[in-house]
Amino acid sequence: KTWPGSDKMPTEVQLSFQSKALSDAELEPGTVPGAGVETVAILKDADITSAKMLCGYYLLANRDDAIFELFLDKLSLNDKKIRKQDARTIIEALASKTDMGCTDKIFTTNVKVAEQSGEHTKVAMIFAFQAVSTRQLVAGQVPGLGEVGVDKVRGGLTKLLESKQLKDHFHTPSAVQLVGAYFILGNDGFKNFLTTLGCRDHCALQTLGAIEEHAVKL
């Protein structure tokens with residue numbers, strides 16, 4: 001099978017990256033396709049220290065290749081930037097890696113049903129068995145996030161995008177971006193992100209568990 005976007009057979013690095021779970025180990029040259037010695041140094045200087053974090057930034061960009069390429073183009077170290085071809089190779093790898101677990105389809109659920117006693121379990125099951133969407137979140141889509149929670153997350157993600165110098169996306173916030181934030185912030189950091197926004201503890205834990213369940217599949 002050829003590599004996505006190419007008529008060539010995949011390299012060992014590409015095969016390894018696609019076959020293994022995303023790692024939070026220290027990023028090393030040859031771990032992510034396109035990320036050689038110079039590129040890894042540039043990424044680490046931007047505090048992107050693992051393959052999981054790098055993927056997190058791609059998901060935070062809502063899997064928008066153009067937005068993520070602009071982000072990579074802004075990074076530099078000692079006046080050296082990531083080569084455009086290397087950036088495109090990284091993007092192709094991340095797009096392929098996350099293709100099965102993500103979708104551009106609209107996700108909707110019945111909010112009134114979801115808000116009834118015990119129905120959060122149904123919401124959790126619906127969310128767990130579908131790919132995470134790049135489309136705008138709706139109340140009751142992600143466990144623990146009703147209308148108020150979605151509004152809080154929208155504001156929080158917008159600020160996170162600004163702090164990471166990532167252009168906002170017209171579908172912000174999306175479930176894909178939440179997974180990206182989880183990869184970047186880590187388990188405790190993501191929970192703190194939710195509670196700092198004013199999400200109640202039990203709602204934050206529901207959201208954390210649901211996002212974590214999807215994250216481990218990538």
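Reader: Which elements are included in what covers the buried residues of α5?

Author: In this predicted model, the buried residues of α5 include Ile 90, Ile 91, Ala 93 and Leu 94. Asp 86, Ala 87, Thr 89, Ala 95, Lys 97 and Thr 98 of α5 are buried as well. What covers the buried residues of α5 includes α1 (12-19), α2 (37-45), α3 (51-60), α4 (65-74) and β3 (102-103).

Reader: How far apart are the end C-alpha atoms of helix α5, and what span should its 15 residues give?

Author: Helix α5 covers residues 84-98. At 1.5 Å a residue, its 15 residues should span 21 Å. The expected span agrees with the model, because the end C-alpha atoms of α5 are also separated by 21 Å.

Reader: Is Ala 93 buried or exposed, and what is its C-alpha distance to Val 32?

Author: Ala 93 belongs to helix α5. Its relative accessible area is 0%, so Ala 93 is buried. Along the sequence, Ala 93 and Val 32 are 61 residues apart. In space, their C-alpha atoms are separated by 7.5 Å.

Reader: Which residues does Thr 39 touch, not counting residues up to four places away in sequence?

Author: Thr 39 is part of helix α2. Its relative accessibility is 4%, and Thr 39 therefore counts as buried. Not counting residues up to four places away in sequence, Thr 39 touches Gly 34, Ile 82, Asp 86 and Ile 90.

Reader: With which residues is Leu 43 in contact, leaving aside its neighbours within four places in sequence?

Author: Leu 43 is also a residue of helix α2, and it is buried, with a relative accessible area of 0%. Leu 54 stands 11 residues from Leu 43 along the chain, and their C-alpha atoms are separated by 8.3 Å. Leaving aside neighbours within four places in sequence, the contacts of Leu 43 are Leu 27, Ile 48, Leu 54, Leu 72, Leu 75 and Ile 82.

Reader: How many of the 10 residues of α3 are buried, and which are they?

Author: Helix α3 is largely enclosed by the rest of the structure, because nine of its 10 residues are buried. The buried residues are Ala 51, Met 53, Leu 54, Cys 55, Gly 56, Tyr 57, Tyr 58, Leu 59 and Leu 60.

Reader: Why does Cys 55 form no bond with the closest cysteine sulfur?

Author: Cys 55 is buried, with a relative accessible area of 0%. A disulfide requires a pair of cysteine sulfur atoms within 2.5 Å. The closest cysteine sulfur to that of Cys 55 is in Cys 102, and it is too far for a bond because the separation is 7.7 Å.

Reader: How far is the sulfur of Cys 203 from the closest cysteine sulfur, and how many disulfides are there?

Author: Cys 203 counts as buried, at 13% relative accessibility. The closest cysteine sulfur is in Cys 199, and its distance of 7.1 Å from the sulfur of Cys 203 is too far for a bond. By the 2.5 Å rule, the count of disulfides is zero.

Reader: What is the phi of Arg 63, and what is the phi of Asn 62 just after α3?

Author: Arg 63 lies in the loop between α3 and α4 and is buried, with a relative accessible area of 16%. Its phi is positive, in a residue other than glycine, and is near 60°. Asn 62, just after α3, takes a positive phi of about 65°.

Reader: Is Asn 78 buried or exposed?

Author: Asn 78 is placed in the loop between β1 (76-77) and β2 (80-81). Its phi is near 55°, a positive value in a residue other than glycine. With a relative accessible area of 67%, Asn 78 is exposed.

Reader: At roughly what angle do the axes of helix α8 and helix α9 cross?

Author: Helix α8 comprises residues 147-163 and helix α9 comprises residues 175-196. Their axes come within 12 Å and cross at roughly 110°. That angle makes α8 roughly perpendicular to α9.

Reader: Which residues make the contact of α8 with α9, and how do they divide into nonpolar, polar and charged?

Author: From α8, the contact is made by Val 153, Gly 156, Leu 157, Leu 160 and Leu 161. From α9, Gln 177, Leu 178, Ala 181, Phe 193 and Leu 194 take part. The residues of this contact divide into eight nonpolar, two polar and no charged.

Definitions and conventions. Residues are numbered from 1 along each chain as its sequence is written. This is a predicted model: local features need pLDDT of at least 70, side-chain atom pairs count only at pLDDT 80 or more; totals for chains, interfaces and linings use all residues. Side-chain values use heavy atoms; hydrogens and water are left out. Buried means under 20% relative accessible area, exposed over 50%, partly exposed in between (1.4 Å probe, protein chains only). Helices (H or I, at least four residues) and strands (E, at least two) are DSSP runs, numbered from the N terminus. The expected span of a helix is 1.5 Å times one less than its number of residues. Contact means heavy atoms within 4.5 Å. Axes are lines fitted to C-alpha atoms, for helices over the stretch in contact, and angles run from 0 to 180 degrees between N-to-C directions. Angles under 35 degrees count as roughly parallel, over 145 as roughly antiparallel, 65 to 115 as roughly perpendicular and the rest as oblique. Ala, Val, Leu, Ile, Met, Phe, Trp, Tyr, Cys and Pro count as nonpolar, Asp, Glu, Lys and Arg as charged, and the others, Gly among them, as polar.
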